[in-house]
Amino acid sequence: MRVLLLGGGGREHALALGLADDPAVDHLIAAPGNPGIEAVAELRPVEITDPASVAALAVEVQADLVVVGPEAPLVAGVADAVRAKGIACFGPSGAAARIEGSKAFAKDVMNAAGVPTARARAVVNPGSGVGAALVAQALDEFGAPYVVKDDGLAAGKGVVVTDDRSAALDHAASCDRVVVEEYLAGPEVSLFVVTDGETALPLLPAQDFKRIGDGDTGPNTGGMGAYVPLPWLPEGTVDEVMATVVHPTLAELRGRGAPFSGLLYVGLAITGQGPRVIEFNARFGDPETQVVLALLSTPLAGLLHAAATGTLAGHPPLHWRSGAAVTVVVASAGYPGTARSGDVITGAERAGIIHAGTARRAVDGALVSAGGRVLSGTGLGADLVAAREAAYALVAGLGLDGAQYRRDIAALAAAGRLDAPQRVAPTDG
């Protein structure tokens with residue numbers, strides 16, 4: 001199988017490692033990729049949000065399967081263009097990807113399907129006139145903490161959760177359309193579901209850490225770490241979510257003429273009333289992909305190809321490695337504000353190091369930072385204690401001036417604390 005992987009972040013590096021490890025893959029191409037992915041794949045340039053360019057590249061490289069990593073190409077209709085060329089593509093159509101591309105659309109789908117979720121109000125033109133009044137009314141109705149989400153894709157920066165009403169109003173005013181929601185208290189869970197639109201297979205549930213600082217302090221980020229398994233998660237939660245969330249959502253999308261094929265990311269809050277959906281994404285999450293795929297022993301390319309070709313019902317049951325996995329993200333100075341780039345990186349050649357925001361310096365080929373979240377270390381172990389030790393040992397071996405990372409990823413769970421950190425609605429990344 002010849003596989004073309006789109007994207008160049010940490011999620012795509014984790015996917016590339018899984019795809020390259022599948023014996024069925026004899027050639028892996030990544031576009032545009034990154035220096036870490038280059039170790040296992042041929043890199044090709046392409047504008048990944050241009051459907052025609054991606055489809056042309058898929059034809060040129062004679063791809064048997066295209067795997068779309070990020071959300072923006074999916075919303076742009078890249079999967080549609082690839083499939084129009086007769087090439088299997090893992091990723092939803094542009095119509096189905098609206099479940100991530102528009103939070104108002106996602107809420108409409110959830111409400112129509114009877115999915116348990118937060119109460120919400122969608123408001124257009126929220127910065128003035130009637131729109132501003134409706135936002136204020138919704139904030140008063142739901143109360144603090146206030147949750148205001150930019151309706152569209154916002155690269156992980158579209159959600160504000162705050163006790164400051166003025167900050168909530170200011171965020172709303174900066175957007176063209178928002179969704180104002182009630183706050184959902186409880187630990188956050190990310191559940192990845194591979195689906196061909198009919199059959200759906202859940203992967204291991206993971207927890208990620210959105211805040212920049214230890215103890216869930218500071219601003220939200222795209223994710224500073226993740227771990228599996230979740231020893232505190234009530235037994236039967238995944239089955240409940242599949243029955244009350246995933247299958248009703250897939251049925252509703254089919255009924256709308258937009259069947260969802262690919263990776264449905266279900267962001268959950270485990271509340272006192274049970275699981276509630278915070279958001280849907282249309283692709284793998286980062287950094288949860290790093291830990292989930294690290295424990296998946298089922299060949300990845302075969303699984304994604306089955307979803308892309310509508311044959312998932314005939315796929316063998318998934319198999320998982322025993323033990324635990326922990327990922328710790330290393331961010332550059334200034335993140336999540338204005339991230340500094342161009343700092344030299346050392347120690348990134350070891351197994352378990354995932355590249356996200358890295359590049360090669362033109363003048364001498366040195367590895368340098370090129371984004372906010374630069375690298376991550378994924379450690380494996382017999383349990384969360386051992387996996388944490390392995391992950392932090394990897395991170396400690398990295399050299400990056402101004403690097404910042406959390407010291408408490410999976411700490412509560414590893415200590416046997418069942419009261420997982422009370423987390424709130426994640427960002428849209």
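This is a short tour of a predicted model, stop by stop.

Local features here need pLDDT of at least 70, side-chain atom pairs count only at pLDDT 80 or more, and totals for chains, interfaces and linings use all residues. Residues are numbered from 1 along each chain as its sequence is written, and side-chain values use heavy atoms, with hydrogens and water left out.

**Stop 1: helix α1**

Select residues 10-20, helix α1. Helices (H or I, at least four residues) and strands (E, at least two) are DSSP runs, numbered from the N terminus. In α1, 8 of the 11 residues are buried, so the helix is largely enclosed by the rest of the structure. Buried means under 20% relative accessible area, exposed over 50%, partly exposed in between (1.4 Å probe, protein chains only). Color G10, R11, E12, H13, A14, L15, A16 and L19 to see the buried residues of α1.

Now add helix α10, residues 288-295. The axes of α1 and α10 come within 8 Å and cross at roughly 10°. Axes are lines fitted to C-alpha atoms, for helices over the stretch in contact, and angles run from 0 to 180 degrees between N-to-C directions. The two helices, α1 and α10, are therefore roughly parallel. Angles under 35 degrees count as roughly parallel, over 145 as roughly antiparallel, 65 to 115 as roughly perpendicular and the rest as oblique. G10, R11, A14 and L15 of α1 make the contact with T289, Q290 and L293 of α10. Contact means heavy atoms within 4.5 Å.

**Stop 2: helices α6 and α9**

Select residues 103-113 (α6) and 237-255 (α9). Their axes are 9 Å apart, and the packing angle is about 105°. That makes α6 roughly perpendicular to α9. Show F105, V109, A112 and A113 in α6; they meet P248, T249, E252 and L253 in α9.

**Stop 3: strand β16 and its partners**

Select residues 262-271, strand β16. Here 10 of the 10 residues are buried, so β16 is largely enclosed by the rest of the structure. Add strand β10, residues 188-195: 8 bridges join β10 to β16, and the two run antiparallel. Two strands pair if DSSP finds at least two bridges between them. Look for S190, which stands opposite G267 in β16.

Next, add strand β17, residues 274-281, which pairs with β16 in the antiparallel sense over 7 bridges. Which residue in β17 is the bridge partner of G267? The partner is E279. A hairpin is formed by β16 and β17, with 2 residues between them.

Stay for V266. Not counting residues up to four places away in sequence, V266 touches V189, S190, L191, V241, V245, V246, V277, E279 and F280. V266 is also among the residues with the most contacts inside the largest nonpolar core, which has 72 residues. A nonpolar core is a set of buried Ala, Val, Leu, Ile, Met, Phe, Trp, Tyr and Cys residues joined through side-chain atoms within 4.5 Å.

**Stop 4: the open sheet**

Five strands form an open sheet in the order β12-β15-β18-β23-β20, with antiparallel pairing. Its edge strands are β12 (207-208) and β20 (353-355), and each pairs on one side only. Zoom in on β18 (residues 324-331) and β23 (residues 373-381), which pair over 8 bridges. V328 has G377 in β23 as its bridge partner. Now select residues 384-396: helix α12 packs on the sheet, touching β15 (225-228), β18, β20 and β23.

**Last stop: R211**

Find R211 in strand β13, residues 211-213. At 19% relative accessibility, R211 counts as buried. The C-alpha atom of G197 lies 33 Å from that of R211, while the two residues are 14 residues apart along the chain.
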